[in-house]
Amino acid sequence: MALNLRLKQTECITRMLNLNQPVNSTGTANEEVYKILIFDKFCQDILSPLIHVKDLRKHGVTLYFLIDKDRKPVHDVPAVYFVRPTQPNVHRIAADASRSLYDSFHLNFSSSIPRPLLEDLASGTLNSDSIHRISKVHDQYLEFVTLEDNMFSLANKSCYVQLNDPSAGDREIEEIIDKIASGLFCVLATLAVVPIIRCPRGGPAEMVASLLDQRLRDHLLAKNNLFSEGGSFASSFQRPILCLFDRNFELSVAIQHDFRYRPLVHDVLGLRLNRLSVQGEKGGMKSYELDRLDPFWVANGSLEFPEVAVEIETQLNKYKKDVDEVNRRTGGNEGAEFDGTDLIGNTKHLMNAVNSLPELTERKQVIDKHTNIATVLLGEIKERSLDSFAKKESEMMVRGGIDKNELLGVLKGKGNKLDKLRFAIMYVISSETMPQSEVEMVEAALRESEVDTSAFQYVKKIKSLNVSLASTNSASRSNIVDWAEKLYGQSISAVTAGVKNLLSGDHQLALTRTVEALMEGKPNPEIDSYLVFDPRAPKSSSGASSSHLKGPFKEAIVFMIGGGNYVEYGSLQELAQRQQPVKHVIYGTTEILTGSDFVEQLAFLGKKMGLGSSGGALAQ
């Protein structure tokens with residue numbers, strides 16, 4: 001059975017909502033108990049893509065509240081708390097217990113609660129004589145947000161900035177690395193698998209891999225560890241591979257415009273936690289959910305936008321044809337909207353018509369939803385010339401440059417400030433040679449459009465460092481790395497490792513190409529230098545490539561440190577489907593970012609280093 005993260009996390013949440021009792025085949029506990037659910041903002045985001053209000057009702061949850069809201073007592077009812085293990089949350093739980101807000105408290109922490117906080121909770125409830133109200137305390141290891149069957153985010157904001165900030169001290173870096181390793185530990189605990197970890201040398205990827213390896217080793221020493229129940233699973237199936245990368249490994253993917261449906265909806269309309277709001281046809285905002293329950297989204301998310309428009313038209317025509325067919329069979333009017341009022345004729349046909357009514361209504365709702373989304377997208381595409389940006393950026397990456405006049409034409413043409421800034425940064429990343437006059441011309445064009453050039457200057461600086469590093473011999477190279485690390489903080493070694501990918505002429509993403517090579521497990525110069533960590537192997541054999549690592553791998557978990565997006569997710573899913581037999585790839589990242597979000601993080605770093613202009617605004 002392939003790893004399904006969404007399914008596993010939903011199972012854990014269902015069990016939690018049923019007071020951690022065993023759940024039967026219908027997904028509910030044998031004995032139904034009415035209860036109240038209390039969560040913090042972070043845990044609300046974890047629940048949001050997985051559990052709908054009707055699901056809460058099914059599990060006996062009658063009321064739900066945010067922990068920091070004022071709440072009235074509800075006697076004789078148990079409360080399920082699902083919160084992060086933080087000082088304010090623990091104090092609030094102790095205060096709620098002392099006020100006897102609920103009959104009993106079932107506490108579920110999103111990750112392992114540190115001992116000092118557990119002692120705070122114990123002393124707080126003892127002092128108010130309310131410890132008897134605390135029924136159970138559970139570490140749930142659910143501190144990640146699952147957006148699709150094979151996609152998750154740790155929702156760690158501005159991770160790229162924190163890891164690349166030149167003023168960041170060792171302690172801050174260690175904190176963020178620790179946070180990422182904890183999040184990944186939660187994912188692995190939920191899947192009940194201990195993977196073999198691979199990562200490039202140097203930078204945040206190696207730091208996370210090393211810490212995660214140590215965490216897993218320490219945990220596996222415990223007798224009843226989280227992975228022992230998955231033991232039979234692990235022994236009967238091959239273990240997955242966990243591939244860790246840093247965002248600097250392939251910067252371009254986080255910035256480029258993409259013309260496929262799922263990335264477009266995310267980048268342009270701001271899809272968040274599988275929800276988005278767009279202008280309705282009759283005015284006013286309409287809110288939509290785009291998840292696995294939407295068959296059109298699942299089937300067409302990876303298609304180019306024009307193909308999606310054709311598919312909407314096809315589905316609409318098919319719907320009309322089916323409605324006409326039902327009306328014809330039941331003697332209704334040709335071409336009439338099918339609403340079930342004009343039903344006469346043969347009883348059998350009548351029954352069939354009645355049975356097909358809910359399905360037809362549902363199909364029409366899905367078609368209307370995507371017609372509305374596509375209409376709004378088309379408006380943005382025309383106004384900002386997004387198709388042109390996507391096409392020209394793709395050509396630049398393949399050709400390794402662009403004609404000067406073409407470059408100026410785009411920068412002086414349609415598109416908002418961020419579109420132009422992203423295009424200029426893509427020019428820097430993709431160009432193999434950059435004449436100084438051309439760079440100055442780009443900067444002048446950006447200033448003319450009143451664009452803040454901090455992000456552009458920052459990437460240019462990284463690029464010039466990369467080129468000088470690539471051209472120096474290994475003896476003087478280490479001196480430059482030392483100097484660069486002092487100037488740029490921790491991750492410059494990862495940046496230098498990514499120079500090949502910055503200048504990649506292959507249309508396939510460097511990430512996808514590397515993951516494919518890692519899953520094959522064959523000798524390959526691109527990945528031979530990658531580190532191997534096997535938490536189940538003796539410590540001495542970890543860290544270097546070892547012969548016991550047998551490929552090919554059927555399953556991979558790919559994690560991008562510093563922010564990821566739907567472009568990478570789509571590319572990895574295509575890779576998995578393309579393999580024979582079909583493989584399974586889960587994609588995760590510290591946070592899901594649009595191109596504009598990421599450019600704002602680059603601009604922040606640029607300003608910190610005193611680069612760029614302060615006159616222009618980043619706003620659209």
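**Salt bridges, a buried strand and a helix near its expected span**

Asp70, Arg71, Arg92 and Asp96 are linked in a network of salt bridges. The model is a predicted one. Across the whole structure, a search finds 34 salt bridges.

Three further pairs show how such contacts tie the chain together. Take Asp149 and Arg6. Their side chains meet in a salt bridge, with 2.4 Å from N to O. This pair links distant parts of the chain, 143 residues apart. Asp149 lies in the loop between strand 6 (145-148) and strand 7 (151-153). Arg6 belongs to helix 1 (residues 5-17). The two ends of the bridge have their own accessibility values. Asp149 has a relative accessible area of 27%, so it is partly exposed. Arg6 has a relative accessibility of 12% and therefore counts as buried, the cut-off being under 20%.

Next comes Asp294, which forms a salt bridge with Lys369. The closest N and O atoms of this pair are 2.8 Å apart. Here, too, distant parts of the chain are linked, 75 residues apart. Asp294 sits in the loop between strand 11 (285-289) and helix 11 (295-300). Lys369 is in helix 13 (residues 347-384). Both Asp294 and Lys369 are buried.

Helix 13 also contributes Arg384. Arg384 forms a salt bridge with Asp419, and their closest N and O atoms are 2.8 Å apart. Asp419 is in helix 16 (residues 417-430), and the pair is 35 residues apart. Arg384 has a relative accessible area of 10%, so it is buried. Asp419 is at 0% relative accessibility and therefore counts as buried.

Now turn to strand 3. How many of the residues of strand 3 (residues 78-83) are buried? The count is 6 of the 6, so the strand is largely enclosed by the rest of the structure. In a regular strand, side chains alternate between the two faces of the sheet. In strand 3, both faces are covered. Pro78, Val80 and Phe82 are buried on one side. Ala79, Tyr81 and Val83 are buried on the other.

Strand 3 has partners in strand 1 and strand 4. Strand 1 (residues 35-39) runs parallel to strand 3, and 4 bridges join them. Within this pairing, Leu37 stands opposite Val80. Strand 4 (residues 104-109) also runs parallel to strand 3, joined to it by 6 bridges. There, Val83 has Phe109 as its bridge partner. The connection to strand 4 involves helix 4 (residues 87-98). Strand 3, helix 4 and strand 4 make a right-handed β-α-β unit.

Back towards the start of the chain, Asn18 lies in the loop between helix 1 and strand 1. Is Asn18 buried or exposed? At 6% relative accessibility, Asn18 counts as buried. Its side chain joins that of His59 in a polar contact of 3.4 Å.

The last stop is helix 17 (residues 436-448). Its 13 residues should span 18 Å at 1.5 Å a residue. The end C-alpha atoms are 18 Å apart, which agrees. The buried residues of helix 17 are Glu438, Val439, Met441, Val442, Glu443, Ala445 and Leu446. Among them are the two glutamates Glu438 and Glu443. Glu450 follows helix 17, with a positive phi near 60°.

How values were computed:
Residues numbered from 1 in each chain as written. Predicted model: local features only at pLDDT ≥ 70, side-chain atom pairs only at ≥ 80, totals over all residues. Heavy atoms only, no water. Buried < 20%, exposed > 50% of the residue type's maximum accessible area, 1.4 Å probe, protein only. Helix = DSSP H or I, 4+ residues; strand = E, 2+ residues; numbered from the N terminus. Pairing = 2+ DSSP bridges. Right-handed = clockwise from strand over helix to strand, strands pointing away. Salt bridge = Lys/Arg side-chain N within 4 Å of Asp/Glu carboxyl O. Expected span 1.5 Å × (residues − 1). Polar contact = N/O pair within 3.5 Å; in protein donor to acceptor, adjacent residues only side chain to side chain.
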